Amino acid sequence: MTVHLPPERHVARLISQVERGEITDVASDMTLAGDREAQVIGITGSPGSGKSTLVDVLASEIRADGRTVAILAIDPSSHLTGGAVLGDRVRMSSHTQDPGIFIRSMGTRGSTTGLARAARDAVKVLSTAGYDVVIVETVGVGQVELDVLTVADTVAVVLVPGLGDTMQMNKAGIMEIGDLFVVNMADRPETPRFVRDLKQALAVGARQGHTEMPPVCCTVALSGDSVDELWKQLRAVEERDRASGRRLRRRQEQQSSELTRAIESRVVAMLRETMADSATLADLRQRVLDGTLTPRDAADQWLGTGLRLRTGS
C-alpha cells in the first residue's frame, strides 16, 4: 500500500524540539502537509498487563486495515540521562521497515502523571504529520493514569486476570476512565470469572453515572488472538463518539484544560522570577529561620506586600 507521509527523521526531529521546549505552538511552527485529525487512542493499565505487546500487534491490525499509525510510548526516565528506559523501538523492531508505522519512546522526565510533559504536543505533531491513528501507551502507575484523558479521544484500559480484583481497580480510579476495557492474557483459567466480575462492576458504574456501559474485549496479545476484534471495537467506539458529539466535547475540554495549565505554568514562572531577587522575601526568610515568623505568615506577608510592590499593583 502507498504511504504518503513526511520523512520519519523530520517527524522525529520535531518531537525532539517539542521535548526541549523549542516549539511552543505546534500549529504555527510546523510545516507538515497533513490536514487530518488522527484518531488518538490511549492504552493504559497496570504494569505487567502486556500493553506493549498488545500495542505491537494492534499496530499490525491497523496497518492491515490500510491505515497509518504512530505509537508514542511513555516510558520511565533514566535518572542519569532523562531518556526513556524501556525502549519500545527495540520491543517493536518488527515494524522498522514499514514506512506507515512511526514509533517513539518518550521519558516521563520526572513527571508523576505517567505522561511525558511534551506528550500532548507530540500527539499534535503526529496528527499534523498525517498519521491516521496515534496510540499513546502510558506507564502503568495506577490512579495518576487519569491524566491519559488529556490527550486521548478513546481510552482502552488493559487488565489481566489474576493481577487484582475489581475492588482494587475501583480504588485506583481505573474503572472510571475507560471507554473500552481489554482483558489481556485471556487464555488464563480465571478469565471467565474475572470478566463476569468486571462487567458487573462496569454495569454498576454505568447505572450510577447514567452512561452506557463500556465494551469489554478479551485478547491474547502473545498469539494475536482477538486483537482484530479489539480494533473493530475501537473503531466502533470512535464512530459512536463522533456521532454523539462526545469526541468534540472531550477535545473542547482538553483545550480548556490546556489553557488552564498554560496560565498556571506562566504564573509559576513569573513568581519564581520575582522571588529570585526579592529583598522583602530575603528578610522574611531570615525571620522564619530565626523563629519569629511562621512560613505561612511569611508567605501571606510577601504575597500581600513584597509581590505587590514588585508588580506595581
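L126 touches V11, I15, A70, F102, Y131 and V134, leaving out residues up to four places away in sequence. This is a predicted model, and in it L126 lies in helix 5. With a relative accessibility of 0%, L126 counts as buried, because the cut-off for that class is under 20%. One of its contacts, I15, is 111 residues away in sequence, yet the C-alpha atoms of L126 and I15 are 8.6 Å apart in space.

L126 and I15 also belong to the largest nonpolar core, which has 40 residues. Together with F102, V134, F181 and L198, they are the members that touch the most other members of this core. Several elements each supply at least two residues of the core: helix 1 (8-19), strand 2 (69-75), strand 3 (101-107), helix 5 (119-128), strand 4 (133-137), strand 5 (154-159), strand 6 (180-183) and helix 7 (191-209). A second core, separate from this one, has 24 residues, including I41, I71, L230 and L234.

The chain as a whole has 313 residues, of which 46% count as buried. Its secondary structure comes to 11 helices and 7 strands. Among contacts with a separation of 6 or more, 74% are between residues 24 or more positions apart. The pair L126 and I15, 111 residues apart in sequence, has such a separation.

Helix 1 is one of the elements that supply the largest core. Its 12 residues should span 16 Å at 1.5 Å a residue, and the end C-alpha atoms are 17 Å apart, so the two values agree. The buried residues of helix 1 are H10, V11, A12, L14, I15, S16, V18 and E19. Two of these, V11 and I15, are among the residues that L126 touches. A general property of helices helps in reading such lists: an α-helix has 3.6 residues a turn, so residues three or four places apart point the same way. Just after helix 1, G21 takes a positive phi of about 80°.

Helix 3 can be described in a similar way. It covers residues 51-64, and its 14 residues reach 20 Å from the first C-alpha to the last, close to the 20 Å expected at 1.5 Å a residue. K51, S52, L54, V55, D56, L58, A59, I62 and R63 are buried in this helix. Just after helix 3, G66 has a positive phi of about 85°. K51, found in helix 3, has a relative accessible area of 8% and is therefore buried. The C-alpha atoms of K51 and E137 are separated by 7.3 Å, although the two residues are 86 residues apart along the chain.

Positive phi values also occur in residues other than glycine. M185 has a phi near 55°, and its place is in the loop between strand 6 and helix 7. M185 is partly exposed, with a relative accessible area of 23%. S226 has a positive phi of about 65° and is not a glycine either. It lies in the loop between strand 7 (216-218) and helix 8. S226 is likewise partly exposed, at a relative accessible area of 34%.

Helix 8 holds another buried residue, E238. The relative accessible area of E238 is 10%, which means that it falls under the 20% cut-off. Apart from neighbours within four places in sequence, E238 is in contact with Q39 and R247.

The last feature is the second largest pocket. Rolling a probe the size of a water molecule over the atoms shows where empty space is left. About 490 Å³ of space lies in this pocket. It is lined by 22 residues, and M175, E176, G178, T211 and P214 are the closest to its centre. Helix 7, helix 8 (227-244) and helix 9 (246-276) are the elements that give two or more residues to the lining. Helix 7 provides the largest share, 7 residues. By class, the lining has 8 nonpolar, 7 polar and 7 charged residues. Helix 7 thus appears in two parts of this account, since it also supplies at least two residues of the largest nonpolar core.

Notes:
Residues numbered from 1 in each chain as written. Predicted model: local features only at pLDDT ≥ 70, side-chain atom pairs only at ≥ 80, totals over all residues. Heavy atoms only, no water. Core = buried A, V, L, I, M, F, W, Y, C linked by side-chain atoms within 4.5 Å. Buried < 20%, exposed > 50% of the residue type's maximum accessible area, 1.4 Å probe, protein only. Helix = DSSP H or I, 4+ residues; strand = E, 2+ residues; numbered from the N terminus. Expected span 1.5 Å × (residues − 1). 1 Å grid on protein atoms, 1.4 Å probe; cavity = no way out; pocket = protein on both sides within 12 Å on 5 of 7 lines; lining within 4 Å. Points joined across faces, edges and corners; volume = space filled by probe spheres on them. Nonpolar A, V, L, I, M, F, W, Y, C, P; charged D, E, K, R; others polar. Contact = heavy atoms within 4.5 Å.
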